[in-house]
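Student: I would like a close look at a single part of this model, the nonpolar core, and at what surrounds it. Please keep the answer connected.

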Amino acid sequence: MGNRLLSFLMASVALGGLAEAKTVIHVMHQGDPGWVSTYGEVAKRFEAANPDVDIELIYAPHDAYNEKFSAAVMSKQLPDVMELDAPFLANYVWSGYLQPIKPLIDQDILDDMTESNVAQGTYPVDKELYAVGLTDSSVVLYGNRKYLEAIGARIPKGVDDAWTREEFEGYLEKLSKLEGVKWPIDTFRGYGIKTEWITYAYGPILQSAGCDLIDRKTWKSVGTLDSDPCVDALTMMQKWVKNGWVVPQSSGTNQFFAEGHPAALALGGHWFYAEAAASMKDDIVVMPLPKFGPKGASPNGTWIWGITTASEHPEIAGKFVSFMLKDKALRNYAKEDSAYPGLKSFAADSPLYANGGPMAVAFEQASKTAIARPPHPAYPIITSAFMGAVDEIFNGGDVKAALTAAAEKIDEDIEENDGYPPFDEQQ
Amino acid sequence: MSDLAIPTLQTEARRERSAIGSLRLVQTACILVIALVIVSPLFMLLIASLKDDRFQILADMGSFRAFWVSNPRLSNFAEVSNLSGELAFGRYLLNSLFILGCTVGAGLIVNSMAGFVLAWGTLRGRALVLSLVIALYVIPQESIIMPLVIMVSRAGMTDTFAVQIVPWVASPLYIFLFYQFFAQLPKELFEAAEMDGASVFRIYRSIFLPLSLPALATVSILMGIESWNQYLWPILVTQTDYARPIAVAIATFFGQDSIYWDRAMAASVLMMIPILALYLAFQRWFVSSFVGSAVKG
């Protein structure tokens with residue numbers, strides 16, 4: 001009995017030792033239930049293929065992801081691999097949280113990235129790649145075919161054929177008088193100001209109008225965000241709200257396809273297609289974003305994968321990221337979720353975005369009009385200041401004053417951080 | 001004169017009765033409207049949890065169809081009741097119940113003892129301690145959350161049940177509630193027990209605690225709701241499914257791109273049940289505690 005107990009204890013110690021010998025890779029991510037399950041299954045497959053590695057997934061809800069990340073930083077518990085929202089990349093790299101990813105990722109994945117995907121993962125100072133993703137994103141203009149036909153609207157065939165500002169505003173006015181239309185457009189104010197939506201979706205309207213949130217050479221916002229083209233663009237949007245043409249924030253995010261189809265157009269993300277098409281079938285028209293000025297502009301960027309500087313096993317972390325991005329089941333799930341392709345091979349395998357597909361115009365925007373959000377460490381302030389200004393403007397505030405206040409707030413933060421060196425040297 | 005006065009009195013009495021009747025009607029109508037306002041979102045939640053098409057739920061919102069289900073299904077409940085797998089909602093629910101039970105149980109003991117000592121103890125400077133306890137109440141939880149995260153992480157407590165229980169057991173509000181309740185009990189009770197040779201702990205346990213059911217019920221309910229609804233704290237201090245509560249799990253349904261209304265609604269219904277049961281179990285004392293507080297000022 002004593003011998004048996006001794007053997008059992010020795011075996012337990014040996015097994016315990018074996019368990020401890022495993023390399024643990026912590027992976028922090030967000031996502032809905034489908035993605036959470038999919039990541040869990042990918043981790044299991046990776047562990048089966050690499051028995052000496054344990055993947056520990058750390059889930060944080062989308063809305064509280066930044067808080068979770070801050071807590072991880074403060075408690076020195078950064079994971080090895082983390083999912084991050086692309087516009088925050090510059091801030092994370094500047095703060096020293098991420099390491100260059102190119103030497104850690106399989107070459108075939110790197111060669112497979114679309115231009116927009118490379119852009120969203122690149123740090124502008126050293127031009128190094130710090131993150132990679134399977135997917136990207138865009139915003140398009142959805143239309144209700146019946147309403148558009150009723151007002152005799154021209155349906156653009158591609159990005160080069162997008163509506164001009166005059167056409168767009170003319171159609172809004174006509175739609176506002178059309179029977180059955182309660183609101184000519186849903187700009188998804190219902191997403192509120194807690195999400196990135198306002199900067200992500202409305203920023204390109206400013207860029208198309210000929211201005212930006214910040215000058216990307218001098219990294220000064222005063223003189224850019226409060227310049228005449230920006231004031232004009234936001235005055236135009238304020239007019240839509242004042243005229244009652246825009247679905248109010250309190251009416252949620254379903255008015256385009258809700259009963260009776262009260263909203264005629266929707267300035268919505270690529271992900272909106274699945275839920276709108278499920279309800280509207282052939283009545284849905286997907287169009288490029290209108291040209292509000294000299295050029296077309298559309299947003300890009302989504303949640304991508306980076307490897308932190310805290311990782312003690314960056315090679316294994318990189319191996320996991322490469323494994324995950326090639327995983328067939330993960331790609332199939334992404335396809336079902338109408339994910340916007342960030343890898344060329346994934347695009348070729350996504351009929352929704354392929355030539356002739358219902359969302360082809362969205363993918364066309366990636367190469368023709370996509371502009372990344374400002375890749376600067378002050379981005380968290382840039383986005384919060386801009387969102388606050390837009391909220392104030394939509395609630396009837398003075399456009400010029402709101403934009404100037406936001407621009408000053410952004411510049412103050414940059415000054416307080418001594419220009420975020422070496423960004424201050426980039427002129 | 002008196003002949004004339006009698007019909008006048010009767011008329012006035014009739015008028016008064018009619019006025020009271022009208023007032024009651026208005027009161028009933030008001031109560032019905034308030035009840036409708038309170039109950040309708042809960043009813044909508046229940047109805048939506050029985051629909052298995054998340055797009056349909058979204059499309060129905062804002063119309064009366066949100067209050068009607070033609071083909072009720074329990075599939076959402078089945079999906080959010082699993083005890084294993086990547087999203088083991090059943091497990092999260094059990095985690096929440098365990099955290100709730102431990103927090104409330106330990107909280108009742110710790111806070112009532114502290115309240116009793118502050119009310120009847122012989123500690124010098126009790127008034128000062130009480131002032132400090134009250135002063136602590138005004139500090140919002142959010143303002144101390146990050147230092148607390150660092151503390152528990154350095155103590156190696158992250159990703160445990162203890163980290164979700166221990167920091168919230170002692171609460172200035174509940175200590176004060178118990179203090180106020182104990183302080184109102186007659187001094188003679190304490191003195192008589194003391195004369196019989198009972199220790200302070202014995203007096204607390206055998207005399208004061210059994211008399212404080214309304215306070216215990218109030219603290220149980222308030223503490224239970226607080227613990228049950230914890231969201232940010234568990235996100236910050238837990239990493240895996242091991243000790244995560246249901247409130248965090250429900251947030252999974254609110255993704256970046258889409259919201260899974262069907263399962264979110266079913267999980268919300270399940271999440272509501274225990275706290276509703278807690279309230280129903282203690283409501284008699286809870287209400288009497290509030291009424292008592294109001295009467296005593």
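Tutor: What follows starts at the core, moves to a sheet and a loop in chain A, and ends with the domains of chain B.

The model is a predicted one, and local features are drawn only from residues with pLDDT of at least 70. Its largest nonpolar core has 172 residues. Those with the most contacts inside this core are A:Val132, A:Tyr142, A:Ile185, A:Val286, A:Leu403 and B:Ala267. The largest share of the core comes from helix α16 of chain A, residues 379-394, which gives ten residues. Chain B takes part through two domains: domain 1 (2-73) and domain 2 (80-296) both give residues, so the core lies between them. A general tendency can be set beside this: in soluble globular proteins, nonpolar side chains tend to be buried together.

A:Val286 is a convenient residue to follow. Leaving aside neighbours within four places in sequence, A:Val286 is in contact with A:Val140, A:Tyr142, A:Tyr273, A:Pro358, A:Met359, A:Val361 and A:Ala362. Apart from the largest core lies another one, of 31 residues. Its members include B:Ile99, B:Ala119, B:Phe182 and B:Ala217.

Next comes the sheet. Four strands of chain A form an open sheet with mixed pairing, in the order β8-β9-β7-β10. The edges are held by β8 (183-186) and β10 (284-287) of chain A; each has a single partner strand, so one side of each is left without a neighbour in the sheet. From one strand to the next, the twist averages 20°. Within the sheet, strand β7 of chain A, residues 139-144, pairs with β9(A) in the antiparallel sense over five bridges. A:Val139 has A:Gly269 as its bridge partner in β9(A).

The loop between α10 (228-242) and β9 (263-269) of chain A contains A:His261. Is A:His261 buried, exposed or partly exposed? A residue is buried if 20 or more other C-beta atoms lie within 10 Å of its own. A:His261 has 19 C-beta neighbours inside 10 Å, so it counts as partly exposed. Not counting residues up to four places away in sequence, A:His261 touches A:Asn144 and A:Phe256. From A:His261 to A:Gly40 the C-alpha to C-alpha distance is 38 Å, with their positions 221 residues apart in sequence.

Some overall values for chain A give the setting. The secondary structure of chain A comes to 17 helices and 14 strands. Of its 427 residues, 52% are buried. Among contacts in chain A between residues at least 6 apart in sequence, 78% join residues at least 24 apart. The C-alpha trace of chain A spans about 90 × 50 × 40 Å along its principal axes. A compact globule of 427 residues would have a radius of gyration near 22 Å, and the 24 Å of chain A agrees with that.

The domains of chain B remain. The domain assignment gives domain 1 (2-73) and domain 2 (80-296), and their C-alpha centres lie 34 Å apart. Their contact takes ten residues from domain 1 of chain B and seven residues from domain 2 of chain B. On the side of domain 1 of chain B that touches domain 2 of chain B, α1 (2-49) and α2 (54-60) of chain B each supply at least two residues. The largest share of that side, four residues, comes from α1(B).

Key
Residues numbered from 1 in each chain as written. Chains lettered and ligands numbered in written order. Predicted model: local features only at pLDDT ≥ 70, side-chain atom pairs only at ≥ 80, totals over all residues. Core = buried A, V, L, I, M, F, W, Y, C linked by C-beta atoms within 7 Å. Buried ≥ 20, exposed ≤ 12 C-beta atoms within 10 Å, placed from the backbone. Domains from an automatic or database assignment. Contact = placed C-beta atoms within 7 Å. Rg over C-alpha atoms; globule rule 2.2 N^0.38 Å. Pairing = 2+ DSSP bridges. Axes fitted to C-alpha atoms, helices over the stretch in contact; angles between N-to-C directions.
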